[in-house]
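Hi everyone, thanks for making time this morning. I'd like to walk you through one structure, so please have a look at it on the screen.

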Amino acid sequence: MQQIFALSTSLIILYINNKPATVGILFVFSQVSSIFCLITKEKLQGQGYGTNTMHFLLKDAIEIGYKFLTFLASSDSVCYIYERFGFQKIDEFECFEYKL
C-alpha cells in the first residue's frame, strides 16, 4: 500500500505554577500544516498565554518548512486571535457530532 501523506504533530503545553494553562496542537501533513487546537484556561485568558503558544506553533510550522497554515475555529469569538496573526477567513462549514 502506498502512503498518501505523512502526518506528524507538535504538542505545546504552557505551564503556570506547575499547572497546564494553555495547550496547542499543530498537525503537519502533505504541503499544509494546521492548528488543531489552541486552548487557554478561562481564568487565565487575556494574559498573553494563548498568544505565546501561537508563536511557538507558528515557529514550528516555519522551521519544518511549511508555506500554509490553517485552523478550524470553534466559534466566531475566537477568530480574533488568528486575525491578529494575519489569518484570513476563506470559508465556513457546519460541524456535526454523533454521540456513541
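Let me start in a loop: Asn18 sits between β1 and β2. Its phi is positive, about 65°, although Asn18 is not a glycine. Before I go on, please keep in mind that this is a predicted model.

Why does that phi catch the eye? Most residues other than glycine have a negative phi. And Asn18 has company, because Asn17 lies in that loop between β1 and β2 too, with β2 covering residues 19-29. Asn17 is not a glycine either, and its phi is also positive, at about 55°.

Are these two asparagines buried or exposed? Asn18 is exposed, with a relative accessible area of 75%. Asn17 counts as exposed as well, because its relative accessibility is 71% and the cut-off is over 50%.

Now let's step back to the whole chain. There are four strands and two helices, and from the N terminus on they follow the order β-β-β-α-β-α. Along the principal axes, the C-alpha atoms fill a box of roughly 45 × 35 × 30 Å. Of the 100 residues, 27% count as buried. The chain exposes about 8300 Å², with carbon and sulfur atoms supplying 56% of that area. And if you take contacts between residues at least 6 apart in sequence, 45% of them join residues at least 24 apart.

Next, the strand pairing. How do β3 and β4 run relative to each other, parallel or antiparallel? They run parallel, β3 being residues 32-40 and β4 residues 68-71, and four bridges join them. To get from β3 to β4 the chain passes through helix α1, residues 49-64, and this β-α-β crossover is right-handed. If you want one pair to look for, Ser34 has Thr70 in β4 as its bridge partner.

Staying with helix α1, let me point out Thr53, which has its place there. Thr53 counts as buried, because its relative accessibility is 1% and the cut-off is under 20%. What does Thr53 touch, once we leave aside neighbours within four places in sequence? Its contacts are Ile12, Leu14, Thr22, Val23, Gly24 and Leu38. For a sense of distance, take Thr53 and Thr9: they are 44 residues apart along the chain, and their C-alpha atoms are separated by 15 Å.

Helix α1 also holds a charged pair. Lys59 and Glu63 both lie in this helix, four residues apart, which is about one turn. They form a salt bridge, with the closest N and O atoms 3.7 Å apart. How many salt bridges does a search of the whole structure find? Just one. As for exposure, Lys59 is partly exposed, with a relative accessible area of 46%, while Glu63 counts as exposed at 56% relative accessibility.

Last stop, back towards the start of the chain. Leu11, Ile13 and Tyr15 form a nonpolar patch on the surface, and together they have about 300 Å² of accessible area. Tyr15 belongs to strand β1, which covers residues 7-16. Tyr15 itself counts as partly exposed, because its relative accessibility is 47%.

So, if you'd like places to revisit on your own screen, try Asn17 and Asn18 with their positive phi values, the salt bridge between Lys59 and Glu63, and the nonpolar patch of Leu11, Ile13 and Tyr15. Thanks for listening!

Note on methods
Residues numbered from 1 in each chain as written. Predicted model: local features only at pLDDT ≥ 70, side-chain atom pairs only at ≥ 80, totals over all residues. Heavy atoms only, no water. Patch = residues over 30% accessible without salt bridge, like charges linked within 9 Å, V, L, I, M, F, W, Y side chains within 5 Å. Areas by Shrake-Rupley, 256 points an atom, 1.4 Å probe, with all protein chains shown as cover. Salt bridge = Lys/Arg side-chain N within 4 Å of Asp/Glu carboxyl O. Buried < 20%, exposed > 50% of the residue type's maximum accessible area, 1.4 Å probe, protein only. Pairing = 2+ DSSP bridges. Right-handed = clockwise from strand over helix to strand, strands pointing away. Contact = heavy atoms within 4.5 Å.
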